[in-house]
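Trainee: Could you choose one part of this model and take me through it slowly, explaining each term as it comes up? I would like to know how that part is placed before you move on to its surroundings.

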Amino acid sequence: MLPAFMVKQIAKSQDAQLLRFLSDKNYACTMSLTAAHARIHEWAEGQKGDLLELGCGPGKYVAMFSSLGFQVTGVDPISFPTWKALEQQTPSKLISNVYAEDLPFPNSSFDHVACLGALLYFEDPRGALRELHRVLKPGGKLILRTVNKSNLYTSLTGEKLDPASKNLYSMSELESLVSGAGFCIDRKFSYGFWPPVLTNFWWYLVCVWLPIWLQNGLSNLISPSRHVNNIIFATKH
């Protein structure tokens, strides 16, 4: 467990980044180019319209997508204090008490869909991907990021990075899941370093102190098969 002051610093840093994504479009665009933020700019380049983020949490990526010009609907089982600022400063809609396997939207409601971390916790991942496919318009784009089953930390310790996670996939397994839901995969890549020791302290360093360039360098030192996250860009045909 981390000391209370470190936990507070993490929360403060995360809230500050969310607010900067809202207030500084140049910063949001620059960060969206990085692998640490799933190369969202590359996925989103030339795209606009209505976007659904499934499992949006506090709304960091709602803020980023909004600054990139999307009309964002963020959904999550629970609500967060940061949603008030998001709704005040953007046209975004934030909806709580929404679960991945039963989305409250008609067919073909969105131009694009995103899921950037929540897949870990779904009760029915296949059902969730089918729902994303259903609410996405033909030709619409999906971006999906989730923890790699074979990441360095897990492969060396035999433990999950997050003990609460229910669904972990290798890249090939993730591809099968996405393709099985009816998507055509356009691109895939992996990213991230996580040491097999001092995992909580490492999270603190990543959130508060480590610059993106150093995180990139550490990621590049290890095999892609041992990276923390797998990312897929896909299209509904």
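Mentor: Let us begin with Leu198, which counts as exposed at 64% relative accessibility, where exposed means over 50% relative accessible area, buried under 20% and partly exposed in between, with a 1.4 Å probe and protein chains only. Keep in mind that this is a predicted model, in which local features need pLDDT of at least 70 and side-chain atom pairs count only at pLDDT 80 or more, while totals for chains, interfaces and linings use all residues. Residues are numbered from 1 along each chain as its sequence is written, and side-chain values use heavy atoms, with hydrogens and water left out.

Leu198 sits in the loop between E6 and H9; such labels stand for DSSP runs numbered from the N terminus, helices being H or I with at least four residues and strands being E with at least two. Its phi is positive, about 50°, although the residue is not a glycine. Together with Val197 and Phe201, Leu198 makes a nonpolar surface patch of about 300 Å². A patch is made of residues with over 30% relative accessible area and no salt bridge, with nonpolar side chains (Val, Leu, Ile, Met, Phe, Trp, Tyr) joined within 5 Å and like charges within 9 Å. The areas themselves come from the Shrake-Rupley method with a 1.4 Å probe, and for residues only the protein chains shown count as cover.

Phe201 carries us from the loop into helix H9, residues 199-208, and at 32% relative accessibility it counts as partly exposed. Other residues of H9 are turned away from the surface: Thr199, Trp202, Tyr204, Leu205 and Cys207 are buried. The cover over these buried residues includes helix H1 (4-23), helix H7 (152-157) and helix H10 (212-220).

For a second example of a positive phi, look at Ala38, a residue other than glycine whose phi is near 60°. Like Leu198 it lies in a loop, here between helix H2 (25-32) and helix H3 (40-44), but Ala38 is buried, with a relative accessible area of 0%. Ala38 is one of the residues touched by Ile143, whose partners also include Ile40, Trp43, Val113 and Phe233, not counting residues up to four places away in sequence; touching, or contact, means heavy atoms within 4.5 Å.

Ile143 brings us to the interior. In soluble globular proteins, nonpolar side chains tend to be buried together. Here the largest nonpolar core has 32 residues, and Ile40, Phe65, Leu86 and Ile143 touch the most other members; a core is a set of buried Ala, Val, Leu, Ile, Met, Phe, Trp, Tyr and Cys residues joined through side-chain atoms within 4.5 Å. Helix H4 (residues 60-67) gives this core its largest share, 5 residues. Apart from it lies another core, of 29 residues, among them Val113, Cys115, Leu129 and Ala234.

Leu129 is also one of the buried residues of H6. Compare this helix with H9: 8 of the 11 residues of H6 (residues 125-135) are buried, so it is largely enclosed by the rest of the structure. The buried residues of H6 pack against strands E1 (49-54), E4, E5 (136-147), E6 (183-191) and E7 (229-236), and against helix H8 (171-180).

Side chains of opposite charge can pair when their charged atoms come close. A salt bridge is counted when a side-chain nitrogen of Lys or Arg is within 4 Å of a carboxyl oxygen of Asp or Glu, and by this rule there are 8 of them. One of them lies within H6, joining Glu131 and Arg134 at 2.7 Å, N to O; the two are 3 residues apart, about one turn of the helix. Glu131 is buried, with a relative accessible area of 12%, whereas Arg134 counts as partly exposed at 23%. Another salt bridge joins the side chains of Lys141 and Asp186 at 3.7 Å, N to O. This pair links distant parts of the chain, since Lys141 is in strand E5 and Asp186 in strand E6, 45 residues apart; E6 is also the strand before the loop of Leu198, where we began.
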